[in-house]
Amino acid sequence: ETLNELRGLNLSRIESRPRRDRAWSYLMYIDIEGKASDPQVALALAGVLRKASYAKIIGSYPMAAAPVE
């Protein structure tokens with residue numbers, strides 16, 4: 001249900017790992033394309049942060065500019 005908040009974004013990676021401290025509970029690692037300050041991305045991240053029991057944003061990096069020819 002929490003991942004529904006990311007609908008419409010380009011997910012470049014998603015993986016889950018079992019938690020060591022809680023049976024049948026998982027940590028989710030998600031990479032998305034987009035800058036955290038972009039309105040669509042910011043709205044999706046806010047939705048995830050509201051629903052997840054724990055979430056951490058590790059980084060947000062702007063897309064590289066296209067090379068000038």
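A residue is called buried here when its relative accessible area is under 20%, and exposed when that value is over 50%. In this predicted model, that distinction separates two faces of helix α1, where Val41, Ala44, Leu45, Gly47 and Val48 are buried, while Pro39, Leu43 and Arg50 are exposed on the face turned away from the buried side. Apart from the helix, the salt bridges come to a count of 3, and Arg13, Glu15 and Arg17 are linked in a network of them.

**Helix α1**

- Helix α1 takes in residues 39-51, and its 13 residues reach 19 Å from the first C-alpha to the last, close to the 18 Å expected at 1.5 Å a residue.
- The buried residues of α1 are Val41, Ala44, Leu45, Gly47 and Val48; because they cover an arc of only 155 degrees around the axis, they lie on the same side of α1.
- Strand β2 (26-33) is included in what covers the buried residues of α1.

**Glutamate 15 and its partners**

- Glutamate 15 belongs to strand β1, residues 10-18, and, leaving aside its neighbours within four places in sequence, is in contact with Leu27, Met28 and Tyr29.
- The side chain of glutamate 15 meets that of arginine 13 in a salt bridge of 2.5 Å, N to O, and arginine 13 counts as partly exposed at 48% relative accessibility.
- Glutamate 15 also forms a salt bridge with arginine 17, with the closest N and O atoms 3.0 Å apart; arginine 17 is likewise partly exposed, at 44% relative accessibility.

**Arginine 19 and aspartate 21**

- A salt bridge of 2.9 Å, N to O, joins the side chains of arginine 19 and aspartate 21, and aspartate 21 is exposed, with a relative accessible area of 58%.

Methods. Residues numbered from 1 in each chain as written. Predicted model: local features only at pLDDT ≥ 70, side-chain atom pairs only at ≥ 80, totals over all residues. Heavy atoms only, no water. Helix = DSSP H or I, 4+ residues; strand = E, 2+ residues; numbered from the N terminus. Expected span 1.5 Å × (residues − 1). Buried < 20%, exposed > 50% of the residue type's maximum accessible area, 1.4 Å probe, protein only. Arc of directions from axis to C-beta. Contact = heavy atoms within 4.5 Å. Salt bridge = Lys/Arg side-chain N within 4 Å of Asp/Glu carboxyl O.
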